[in-house]
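Here is a short tour of one protein chain. Keep the sequence and the 3D view side by side while reading.

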Amino acid sequence: MAPWTKYQLFLAGLMLVTGSINTLSAKWADKLSAPGCDGKDPHSFKHPFLQAVGMFLGEFSCLAAFYLLLCSDRRRSEPTMAPPQSFNPLLFLPPALCDMTGTSLMYVALNMTSASSFQMLRGAVIIFTGLLSVAFLGRKLVLSQWLGIVTTILGLVVVGLADLLNSNDEQHKLSEVITGDLLIIMAQVIVAIQMVLEEKFVYKHNVHPLQAVGTEGFFGFVILSVLLVPMYFIPGGSFSGNPRQVLEDALDAFCQIGRLPLIALALAGNISSIAFFNFAGISVTKEISATTRMVLDSLRTVVIWVVSLAVGWEAFHGLQILGFVILLGGAALYNGLHQPLLARLPWRRPRAGTDTEDLVAADGASVNGDS
């Protein structure tokens, strides 16, 4: 294996850093407090739907990045990018609706649980993506992928148990922690549906990944921005963290931002990081490998956990380490990371003239991706 170039190291670092900033900045915003429009007592910035709008704005910016890259490529004497394919943009509407729903649920859940548990529990997407790909795409999972799904379930149980035992050290009630964890797992079902829809209806049109992310971001940004209006009047009950107790009070959010500019900095970090994270992830897949992208995505969980401990957002619990290791093992099994290691063993090396297609097929069966 050839050593990485400086550009590849930069892309890997960019993906790891921006992926970590994406979750940490969202959690930072949740923990900041400022007075709202009434100017009275400060309250926490709990505006998950407005934060989701910001995330889609970051995804939407990937569309601008795509056209900038396309224009730059066309100026070369030998362009490397294929010209954009004609497609119906409405193909991206169903995946965008799934993305919008799943992202909103996850931002609501982030208010209720720790940043590290939030990131770890997102690994549940492997379970539902695998099962839905079998049911609706006719995919056949190999033994290692089924083992990866079972291992992931075990890891989720351990992380959930760590949250229950650690809830007394957190600022959240036990009921909030349980609800938040369940919402994250529920959101992964929706994210898995999004992936299946993209694979069944979108990928066959050979749309550039940045163009696909940007188009979904456009739909999500426009639709959720419009939905902020009725959310201003709909009672939110226990899911609401604003003084008016509605689903989303965007005016209160803007008043808090005006009174405490640090909130705007946290939101800007979230918006810009999601844009750079998508660009870096796509570039890592192209320049290095999809396996490296998966490993880096797993490593950002460690970064988020370490930073959360360092700033005092959560207390140390050994079960979280065990849960993360189990989840990492499940992801490795599902994505075929064990196969290169097994291939190096003397008794697993193929003899001359033997067929090695099964190794390639198992690795290529992965449908897991970033959300």
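Of the contacts in the protein chain with a separation of 6 or more, what percentage is made by residues 24 or more positions apart? The figure is 79%. Keep in mind that the model is predicted.

## The chain as a whole

The protein chain has 371 residues, and 48% of them are buried. Its secondary structure comes to 14 helices and two strands. The accessible surface is about 18,000 Å². Carbon and sulfur atoms account for 68% of that surface.

## Partners far apart in sequence

Two pairs show how distant parts of the sequence meet in space. Begin with Phe66, which sits in helix H2, residues 48–74. Phe66 and Pro209 are 143 residues apart in sequence. In space, their C-alpha atoms are 8.8 Å apart. Which residues does Phe66 touch, leaving out those up to four places away in sequence? They are Met81, Pro84, His208, Leu210 and Gln211. Phe66 has a relative accessible area of 2%, under the 20% cut-off, so this residue counts as buried.

The second pair starts in helix H3, where Leu97 is placed. Leu97 and Phe219 are separated by 122 residues in sequence. Their C-alpha atoms lie 7.9 Å apart in space. Is Leu97 buried or partly exposed? Leu97 is partly exposed, because its relative accessible area of 36% falls between 20% and 50%.

## A buried serine

Next, look at helix H4, residues 115–121, which holds Ser116. The relative accessible area of Ser116 is 0%, so Ser116 is buried. Set aside the neighbours within four places in sequence, and Ser116 is in contact with five named residues: Thr301, Ile304, Trp305, Glu314 and Gln320. Two of the residues named there, Thr301 and Ile304, can be looked up in the view alongside Ser116.

## Salt bridges

Side chains of opposite charge can pair when their charged atoms come close. How many salt bridges does the structure hold? It holds four. The table lists three pairs, with the N to O distance for each.

| Acidic residue | Basic residue | N to O distance |
|---|---|---|
| Asp73 | Arg76 | 3.8 Å |
| Asp249 | Arg244 | 3.7 Å |
| Asp297 | Arg300 | 2.6 Å |

Take the pair of Asp73 and Arg76. Asp73 is buried, because its relative accessible area is 3%. Arg76 is partly exposed, at 49%.

Now the pair of Asp249 and Arg244. Asp249 is buried, with a relative accessible area of 3%. Arg244 is partly exposed, with a value of 38%.

Then comes the pair of Asp297 and Arg300. Where do these two residues lie? Both are in helix H11, residues 290–310. They are three residues apart, about one turn of the helix. Asp297 and Arg300 are both buried.

## A nonpolar patch on the surface

Turn to the outside of the model. Leu161, Leu164, Leu165, Leu174, Ile178 and Leu182 make a nonpolar surface patch of about 520 Å². Which helices each supply at least two residues of this patch? They are helix H6 (143–166) and helix H7 (174–202). Leu165 is one of the patch residues, and its place is in helix H6. Leu165 counts as partly exposed, because its relative accessibility is 49%.

## Cavities inside

How many cavities of 30 Å³ or more are there? The count is three. The largest cavity has a volume of about 170 Å³. Its lining is made of 16 residues. Among them, Asn22, Met55, Tyr107, Phe118 and Arg122 lie nearest the centre of the cavity. Helix H1 (6–31), helix H3 (93–110) and helix H10 (261–287) are the elements that give two or more residues to this lining. Which element gives the largest share? Helix H3 does, with five residues. Helix H3 is also where Leu97 is found.

Conventions
Residues are numbered from 1 along each chain as its sequence is written. This is a predicted model: local features need pLDDT of at least 70, side-chain atom pairs count only at pLDDT 80 or more; totals for chains, interfaces and linings use all residues. Side-chain values use heavy atoms; hydrogens and water are left out. Helices (H or I, at least four residues) and strands (E, at least two) are DSSP runs, numbered from the N terminus. Buried means under 20% relative accessible area, exposed over 50%, partly exposed in between (1.4 Å probe, protein chains only). Contact means heavy atoms within 4.5 Å. Patches are made of residues with over 30% relative accessible area and no salt bridge: like charges are joined within 9 Å, nonpolar side chains (Val, Leu, Ile, Met, Phe, Trp, Tyr) within 5 Å. Accessible areas come from the Shrake-Rupley method with a 1.4 Å probe; for residues, only the protein chains shown count as cover. A salt bridge is a side-chain nitrogen of Lys or Arg within 4 Å of a carboxyl oxygen of Asp or Glu. On a 1 Å grid over the protein atoms alone, a cavity is a set of points where a 1.4 Å probe fits but cannot get out, and a pocket is an open set with protein on both sides within 12 Å along at least five of seven lines; lining residues have an atom within 4 Å of a point. Grid points are joined across faces, edges and corners, and a volume is the space filled by probe spheres set on the points.
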